[in-house]
Every structure is written in structure tokens, then in C-alpha cells.
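Take a walk through this fold, one stop at a time. Keep the sequence beside the picture as you read.

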Amino acid sequence: MPSLISRIIPRRFKSSSVEIPVVRLSGAIMTGGSPLRQNLSLEGIANQLEKAFTTKHSPAVALSINSPGGSPVQSRLIYKRIRDLAEENNKKVHVFVEDVAASGGYMIAVAGDEIIADPSSIVGSIGVVSASFGFTELIKKIGVERRVHTAGKNKATMDPFQPEKASDIDHIKALQLEIHQTFIDMVKARRGAKLQDNDDLFTGQFWTAITGLQLGLVDGLGDMRSHLRTVYGDKTKLNLIQPSRGLLGRKNTGGISHGHLLGAAGEGLINVLEEKSLWSRYGL
């Protein structure tokens with residue numbers, strides 16, 4: 001059965017070749033990155049989004065999302081940019097989930113006018129998590145004395161080299177609740193009556209797209225090419241918008257040199273482990 005969007009698309013778009021710009025949003029959502037660790041942030045994707053949404057004679061933009069989440073700020077910034085560009089350019093937004101659109105990845109996904117996922121895609125995880133390491137026992141074993149001097153009693157909150165304080169934990173949880181409510185409000189505003197009444201919907205739980213469809217988290221099961229051809233006709237062409245290139249014709253992400261390798265290593269093993277933990281949470 002044709003989707004609602006299929007029924008409202010003007011016939012003239014279905015009778016001839018239609019080009020749909022495609023932007024891939026892939027990776028853990030956080031600022032920074034390197035040739036060895038490509039992250040997803042507004043700074044890194046802004047040019048591609050701008051180019052896609054300003055493509056002439058195109059009725060829509062397709063977004064391919066594959067992200068386990070990350071920074072709630074970057075997630076919302078990307079979401080907001082997508083919605084702003086869609087409204088400014090009068091474009092429909094079709095979102096297609098690859099392996100996962102969870103947590104911040106799902107926050108970005110709700111920017112779509114519809115969300116289509118593979119049956120085995122992972123969606124949801126509408127919650128907030130904060131994780132860190134504690135090194136209090138380690139520094140004792142290696143004979144290191146921690147010295148911290150602050151102006152302001154809360155300046156050293158959650159210092160990983162000091163024991164946790166109940167007051168610090170309460171403060172972090174209060175921040176998480178505010179961020180979580182922002183996330184919930186965004187999902188409700190975009191998905192509205194599509195959402196089913198389920199006690200686990202906003203607990204951080206995640207599901208395959210099959211269950212996600214029943215819960216109202218996605219609108220259908222399928223793949224980008226087939227779905228867009230159903231909506232816009234068999235002559236629909238997909239145009240992948242690539243990252244911008246520098247003066248020498250190289251992508252701005254750059255090549256891998258000795259300097260880059262050293263820089264990537266200098267960013268720290270903890271960041272790499274954090275990114276890995278985001279993916280592994282969903283079995284990826």
C-alpha cells in the first residue's frame with residue numbers, strides 16, 4: 001500500500017526522472033575525529049546537508065543513518081539543522097536506518113517526515129547515559145598522590161581520581177533528567193499519535209525495527225532504493241552527496257600520514273573505548 005507521502009506527491013514528479021540527494025550520517029556522535037576515527041557532528045556534516053537541501057528540482061532529501069548515539073548536543077544540532085533546511089527549502093525528509101539509529105542516532109532520525117528501517121535494524125534507546133572511569137585504587141597502587149586546588153567547591157566534581165560523592169551523583173542525575181525530558185519532548189513532537197502507549201518506550205530500551213514499527217518508532221520496513229522508487233517512480237535516481245574537497249581535490253577528512261597517526265593516538269585510548277562501547281551496546 002502506498003505511503004501517505006506517496007499519495008501527496010504531485011503526479012508530475014512521478015511521470016519523469018526524479019533525483020533525490022542522499023546524505024549518509026554515520027558514526028558515533030561527537031566533536032573531533034581523525035582519519036582513524038570519523039565521528040558525526042554538525043560541523044562535519046553541515047556542508048553536505050546544505051548542498052542536499054538546496055538541490056534544485058528535487059522534492060525531497062534522503063538521509064541514511066547508522067549511529068549508536070553520543071553527544072545529545074550534537075544530535076539536537078544536527079536534528080535542528082535538518083528541520084530548518086527542510087522548511088526553508090520546502091523538502092520532504094526520508095530517513096533510512098542502516099544497522100542502528102539509537103539514542104542520539106534516533107534523535108536525528110525523528111527529523112524525518114518518515115522513518116524506514118531494515119527489519120533487523122536497531123532503533124530506540126530514548127534515554128541518557130553518562131559513563132566514566134574511576135582510578136582511585138590505581139593511583140594508590142602505583143604510588144601517585146593526587147593534588148587538586150580549586151576556586152569553587154564544585155569545580156572538581158566527578159574527578160575520576162577521587163572517590164565518588166553522593167552530591168555529585170545527584171547533580172549528574174538531575175542533569176540527565178533534564179536532557180532526557182528534552183529528548184522525550186522531541187520524539188513526541190515529531191512522532192505524535194504514531195507512538196504506542198508502552199511503559200518501556202522512554203526507558204532507554206531498544207528494539208529491532210519490527211517491534212519499532214509496532215511501537216510507532218518507525219513508519220515502515222524496507223530499503224532506500226526500493227522505497228523511493230515506490231514513492232517517486234521507477235525512474236528515481238539517487239545522488240550521494242559526498243564531503244566537500246579541499247584545494248588539492250582531497251576530501252577534507254584528509255589522508256593518513258605519520259602526523260595524523262600520532263595525533264589520533266594522542267587523542268587518547270579512552271575516547272576510542274568510549275566510541276567502541278557505544279556500538280557494542282547494540283551488538284555491533
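Start at Leu 221, which sits in strand E7, residues 220-221. The model is predicted. Leu 221 is partly exposed, and its relative accessible area is 40%. What does Leu 221 form on the surface, together with Ile 210 and Leu 213? The three make a nonpolar surface patch of about 230 Å².

Move on to helix H8, residues 224-232, where His 227 is found. Is His 227 buried or exposed? His 227 has a relative accessible area of 16%. The cut-off for buried is under 20%, so His 227 counts as buried. Its side chain makes a polar contact with the side chain of Glu 114, at 2.5 Å. Set aside the neighbours within four places in sequence, and His 227 is in contact with Phe 96, Glu 114 and Ile 116.

Glu 114 and Ile 116 lead to strand E4, residues 114-117. Both point one way from the strand. Ile 115 and Ala 117 point the other way. All of these residues are buried. Strand E4 also has a partner. E3 and E4 run parallel, and 4 bridges join them. Across from Glu 114 in E4 stands His 94. Glu 114 thus brings two stops together: it stands opposite His 94, and its side chain meets that of His 227 in a polar contact.

Strand E3, residues 92-102, also helps to cover a helix. That helix is H2, residues 42-53. Which residues of H2 are buried? They are Leu 42, Ile 45, Ala 46, Gln 48, Leu 49, Ala 52 and Phe 53. Their cover includes strand E1 (19-26), strand E2 (60-67), helix H3 (72-88) and strand E3 (92-102).

Look at H3 from the side of Leu 85, a residue of that helix. Leu 85 is buried, with a relative accessible area of 3%. Which residues does Leu 85 contact, leaving aside its neighbours within four places in sequence? They are Leu 49, Glu 50 and Phe 53. Two of these contacts, Leu 49 and Phe 53, are named among the buried residues of H2. Leu 85 and Glu 50 are 35 residues apart along the chain, yet their C-alpha atoms are separated by 7.3 Å.

Now turn to the backbone. Most residues other than glycine have a negative phi. His 57 has a positive phi, near 65 degrees. His 57 lies in the loop between H2 and E2. There, His 57 is exposed, with a relative accessible area of 76%.

Ser 125 also has a positive phi, near 55 degrees. Its place is the loop between strand E5 (122-124) and helix H5 (136-141). Is Ser 125 buried or exposed? At 3% relative accessibility, Ser 125 counts as buried.

Finally, step back to the whole chain. It holds 10 helices and 8 strands. Of its 284 residues, 39% count as buried. How much of the contact pattern joins residues at least 24 apart? Among contacts between residues at least 6 apart in sequence, the share is 74%. The pair of Leu 85 and Glu 50, 35 residues apart, is in contact. The accessible surface of the chain comes to about 16300 Å². Carbon and sulfur atoms account for 53% of that surface.

How values were computed
Residues numbered from 1 in each chain as written. Predicted model: local features only at pLDDT ≥ 70, side-chain atom pairs only at ≥ 80, totals over all residues. Heavy atoms only, no water. Patch = residues over 30% accessible without salt bridge, like charges linked within 9 Å, V, L, I, M, F, W, Y side chains within 5 Å. Areas by Shrake-Rupley, 256 points an atom, 1.4 Å probe, with all protein chains shown as cover. Salt bridge = Lys/Arg side-chain N within 4 Å of Asp/Glu carboxyl O. Buried < 20%, exposed > 50% of the residue type's maximum accessible area, 1.4 Å probe, protein only. Polar contact = N/O pair within 3.5 Å; in protein donor to acceptor, adjacent residues only side chain to side chain. Contact = heavy atoms within 4.5 Å. Pairing = 2+ DSSP bridges.
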